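Here are some worked exercises to help you find your way around a new structure. Keep the sequence and the 3D view open, try each task, and then follow the solution.

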Amino acid sequence: QYVLAVGSSVFYAMFYGDLAEVKSEIHIPDVEPAAFLILLKYMYSDEIDLEADTVLATLYAAKKYIVPALAKACVNFLETSLEAKNACVLLSQSRLFEEPELTQRCWEVIDAQAEMALKSEGFCEIDQQTLEIIVTREALNTKEVVVFEAVLNWAEAECKRQGLPVTPRNKRNVLGKALYLVRIPTMTLEEFANGAAQSDILTLEETHNIFLWYTAANKPKLEFPLTKRKGLVPQRCHRFQSSAYRSNQWRYRGRCDSIQFAVDKRIFIAGLGLYGSSCGKAEYSVKIELKRLGVVLAQNLTKFTSDGSSNTFSVWFEHPVQVEQDTFYNVSAILDGNELSYFGQEGMTEVQCGKVTFQFQCSSDSTNGTGVQGGQIPELIFYA
């Protein structure tokens, strides 16, 4: 009793306050045994032993018994394990536990990696209020058809939770007003016709009116929001101070252009800006890759067309990739196309880009001459 009372004002009140418990046995019904054991261990020995499957229950116990150091450790643990597949669940929990810093981190992940977050199994586990807050979010960086499909998946899961048959009518009922937060009119006509119009969750009148809204001069009034989400504006870190071309370089023969970088805060890498042909318009095939400690985190095989200018041309990964602070990552590009191209000069080892500082190092993967001072991969495209 003494140890617990010293460590927690709630236990102090429970054991020594005016309404102290006098029973020899005190039942604690709403805390999981494993979480309570972690709480006891911390209060006795100052050791914090957290695991992924018990950390939320431990945070609840730490909040309930006002043990701020343990609560902070739980939040830090959750922040480091935060990724797209669990961001929506953690958002729901962070709102419940009133942890604004964790809530903000969840939003950063959900906004930047919206498609992966909304398609995750965790999205189907959130409560109704969190669903409505996410679907209202202006900064979601994804197509509206992805939002609509995610809402339908959540409705199916909610029907099962409530023991209801999974029918369009029941899905509509459990969604309530959340259905009218989806910005259906901002889909393309083709997306609507192939998806929402055939989902059976809209009434015939709603489907009819939305088709008219797309095509008729005199548009009907709709209950759905009409303006597209703003999404996120990608930022660009440019690492060269000038560019050039010469008649005998820069050439591509299946060799790899690569550079290492590190950042001082967590960001999401979305793609690369590359130089193109110095001999007029040309099309390139390109394989881009992002690696950490030799492990491939993202790659894409795509094409881009350059116009003969010294501009950079954007190539994108399929999904933005979370990049941790103070760790070196490797980005590379293997181009196939017009051999003569622009290349960067006067490269910088450190670049300040908004609130993010980038550091650059030469990469051992680079076999085509790209390094810190010059070469390809002039830009990193990211969200922060």
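**Exercise 1. Find which residues Ser277 is in contact with, leaving aside its neighbours within four places in sequence.**

Step 1. With those neighbours set aside, the contacts of Ser277 are Ala282, Tyr284, Ser306, Gly308, Ser309, Asn338, Leu340, Ser341 and Tyr342; contact means heavy atoms within 4.5 Å.

Step 2. Place the residue: Ser277 sits in the loop between strand E4 (267-275) and strand E5 (282-292). Helices (H or I, at least four residues) and strands (E, at least two) are DSSP runs, numbered from the N terminus.

Step 3. Ser277 has a relative accessible area of 0%, so it is buried. The scale is this: buried is under 20% relative accessible area, exposed is over 50%, and partly exposed lies in between (1.4 Å probe, protein chains only).

Step 4. A polar atom of the Ser277 side chain lies 2.9 Å from the backbone nitrogen of Cys279.

A word on the source: this is a predicted model, in which local features need pLDDT of at least 70 and side-chain atom pairs count only at pLDDT 80 or more, while totals for chains, interfaces and linings use all residues. Residues are numbered from 1 along each chain as its sequence is written, and side-chain values use heavy atoms, with hydrogens and water left out.

**Exercise 2. Work out in what order the four strands of the open sheet stand.**

Step 1. The order is E1-E12-E4-E7, with antiparallel pairing. Two strands pair if DSSP finds at least two bridges between them.

Step 2. Look at the edges: strand E1 (235-238) and strand E7 (312-323) each have a single partner strand, so one side of each is left without a neighbour in the sheet.

Step 3. From one strand to the next, the twist averages 25 degrees.

Step 4. Now take one pair: four bridges link E1 to strand E12 (residues 379-383) in the antiparallel sense. Within this pair, Cys237 has Leu380 in E12 as its bridge partner.

**Exercise 3. Explain why strand E3 (residues 256-263) is largely enclosed by the rest of the structure, then find its partners.**

Step 1. Seven of the eight residues of E3 are buried, so the strand is largely enclosed.

Step 2. One partner is strand E8 (residues 329-336), paired with E3 in the antiparallel sense over six bridges. Here Gln260 stands opposite Asn330.

Step 3. Another is strand E11 (residues 356-362), which runs antiparallel to E3 and is joined to it by five bridges. Ala262 faces Gln359 in this pairing.

Step 4. Go back to E8 and pick out Ser332, which belongs to that strand. Ser332 is buried, at 5% relative accessible area. Beyond its neighbours within four places in sequence, Ser332 has contacts that include Cys256, Asp257 and Ser258, as well as Leu272 and Ile377.

**Exercise 4. Describe how helix H4 (residues 55-64) and helix H5 (residues 68-80) pack.**

Step 1. Two packed helices are described by the angle between their axes and the distance between the axes.

Step 2. For H4 and H5 the angle is about 155 degrees and the axes are 8 Å apart. That makes H4 roughly antiparallel to H5. Axes are lines fitted to C-alpha atoms, for helices over the stretch in contact, and angles run from 0 to 180 degrees between N-to-C directions. Angles under 35 degrees count as roughly parallel, over 145 as roughly antiparallel, 65 to 115 as roughly perpendicular and the rest as oblique.

Step 3. On the H4 side, Val55, Leu56, Thr58, Leu59 and Ala62 meet Leu70, Ala71, Cys74, Val75, Phe77 and Leu78 in H5.

Step 4. Among the buried residues of H4 are Val55, Ala57 and Ala61, and the cover over its buried residues includes helix H3 (33-45) and H5.

Step 5. Zoom in on Ala57, which is buried at 15% relative accessibility. Not counting residues up to four places away in sequence, Ala57 touches Glu32 and Ala35.

**Exercise 5. Which phi does Asp46 have, and is Asp46 buried or exposed?**

Step 1. Asp46 is not a glycine, yet its phi is positive, at about 65 degrees.

Step 2. Asp46 lies in the loop between H3 and H4, and at 58% relative accessibility it counts as exposed.

Conventions:
Polar contact = N/O pair within 3.5 Å; in protein donor to acceptor, adjacent residues only side chain to side chain.
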